[in-house]
Amino acid sequence: TPKGTCLESVKTAIDTGYRHIDGAFVYFNEHEVGQAIREKIAEGKIKREDIFYCGKLWNTCHPPELVRPTLEKTLKILQLDYVDLYIIELPMAFKPGDTIYPRDENGKFIYHETDLCATWEAMEACKDAGLAKSIGVSNFNRRQLEMILNKPGLKHKPVSNQVECHPYFTQPKLLEFCRQHDIVIVGYSPLGTSRDETWVNVSSPPLLKDPVLNDIGKKYNKTAAQIALRFNIQRGVVVIPKSFNPQRIRENFQIFDFSLTEKEMKEIEALNKNVRYVELLM
Ligand code: A2P
């Protein structure tokens, strides 16, 4: 992100009322997120305990002995004592080292064999040490979740699974499984992404142009974006919309003053195409 953009956006978000901030080491802006939080605390606008910060363990850091030092590095960058949630960003490991996307001479990713259950035990130790209040996962499917849930001697189960989730990719089966196991789904790309062709499957049509979302929006004097966000929160899915635009940051927060009818919820559910924008081909 361009220098300073993240700092200003997080400050605008906090002023608007947002308290959940979704970050990661690999976004390379955690220093700005931390600065924004600390500035807002210094201003007296919030206390640390009002903020819910989620950090992520990157693929190159799955070996158990790397987990705590990696979280400590994030805390140092943020200049915070703890994160509220620390999650395994993806269920596959890359070769450890300073290269975030290690590739061989043919351009192929260099993977690394690790045991996700051992990584999870190191995550549990971070929680026990007070460095993370809660621990969870991201981009895990049912089988990968079951592997953790069925791990002998499991101490803390994942509280959440962050996955792509929006009206075109509603995740009915995973949502049901997670509900049964008390795992919160945190929906990323809840607005259908920025449609950046370098990482987004743009063959799926733009979510916010959808006629159903726009028609329902007219009834409530809301935008398609607000309808998409309201749909998820009303079915118990946490949303983490991304915007660097102050007006849209505020728009995305104006979703608590109306409710969709059961019929509208069903109409939106029926938009599901089972196609991902974020295919994560790695
Ligand atoms: P911008 O940062 O210029 O606001 P997602 O959260 O699904 O990844 O979507 C993020 C993309 O959606 C960004 O390109 C962001 O652009 C854009 N966006 C965020 N909020 C809105 C909104 N309310 N209406 C339209 N586009 C939005």
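1. Strand E4, residues 132–138, is largely enclosed by the rest of the structure, because five of its seven residues are buried. The model discussed here is a predicted one, and the remarks below should be read accordingly.

2. On one side, E4 is joined to strand E3 (residues 83–88) by five bridges, and these two strands run parallel. Two residue pairs may be used to locate this pairing in the viewer: Tyr86 has Ile135 of E4 as its bridge partner, and Ile88 has Val137 of E4 as its partner. Between E3 and E4 the chain passes through helix H4 (residues 116–128), in a β-α-β crossover that is right-handed.

3. E4 also pairs with strand E5 (residues 160–164); here two bridges are found, and the strands again run parallel. Within this pairing, Ser138 stands opposite Gln162 of E5. Helix H5 (residues 142–149) takes part with E4 and E5 in a β-α-β unit, which is right-handed.

4. These pairings belong to a wider arrangement. The sheet is open and has seven strands, in the order E1-E2-E3-E4-E5-E6-E7, with parallel pairing. Its edges are formed by E1 and by strand E7 (238–239), each of which pairs on one side only.

5. The UniProt record, an unreviewed entry, places the feature "domain: NADP-dependent oxidoreductase" at residues 7–272. In the model, this span is 39% helix and 13% strand, and the C-alpha atoms at its two ends lie 35 Å apart.

6. The same type of record deserves attention for Tyr27, which UniProt lists under "active site" in an unreviewed entry. Where does Tyr27 lie? Its position is in the loop between strand E1 (20–22) and helix H2 (30–42). Tyr27 counts as partly exposed because its relative accessibility is 35%, a value between the 20% limit for buried residues and the 50% limit for exposed ones. If neighbours within four places in sequence are left aside, the residues in contact with Tyr27 are Asp22, Lys56 and Glu89.

7. Helix H7 (residues 211–220) has two distinct sides. Its buried residues are Leu213, Ile216 and Gly217. These residues lie on the same side of H7 because they cover an arc of only 105° around the axis. Pro211, Lys218 and Lys219, on the other side of H7, are exposed. The packing partners of the buried residues are helix H8 (224–234) and helix H10 (262–269).

8. The two ends of H7 also merit inspection. At the start of the helix, a side-chain oxygen of Asp210 comes to within 2.8 Å of the backbone nitrogen of Val212. After the helix comes Asn221, with a positive phi near 60°.

9. Asn201 is located in the loop between strand E6 (184–188) and H7. Is Asn201 buried or exposed? With a relative accessible area of 13%, Asn201 is buried, since the limit for that class is under 20%. Its side chain reaches the backbone oxygen of Arg276 at 3.1 Å. Apart from neighbours within four places in sequence, Asn201 is in contact with Val275, Arg276, Tyr277 and Glu279.

10. Two further residues should be checked for their backbone conformation. Asp182, in the loop between helix H6 (172–180) and E6, has a positive phi near 60° and is a residue other than glycine. Asp182 is exposed, as its relative accessible area is 62%. Leu280, in the segment after H10, likewise is not a glycine and has a positive phi of about 50°. Leu280 counts as partly exposed, at 30% relative accessibility.

Notes. Residues numbered from 1 in each chain as written. Predicted model: local features only at pLDDT ≥ 70, side-chain atom pairs only at ≥ 80, totals over all residues. Heavy atoms only, no water. Buried < 20%, exposed > 50% of the residue type's maximum accessible area, 1.4 Å probe, protein only. Helix = DSSP H or I, 4+ residues; strand = E, 2+ residues; numbered from the N terminus. Arc of directions from axis to C-beta. Contact = heavy atoms within 4.5 Å. Polar contact = N/O pair within 3.5 Å; in protein donor to acceptor, adjacent residues only side chain to side chain. UniProt positions renumbered as here; feature names shortened; annotations may be inferred. Pairing = 2+ DSSP bridges. Right-handed = clockwise from strand over helix to strand, strands pointing away.
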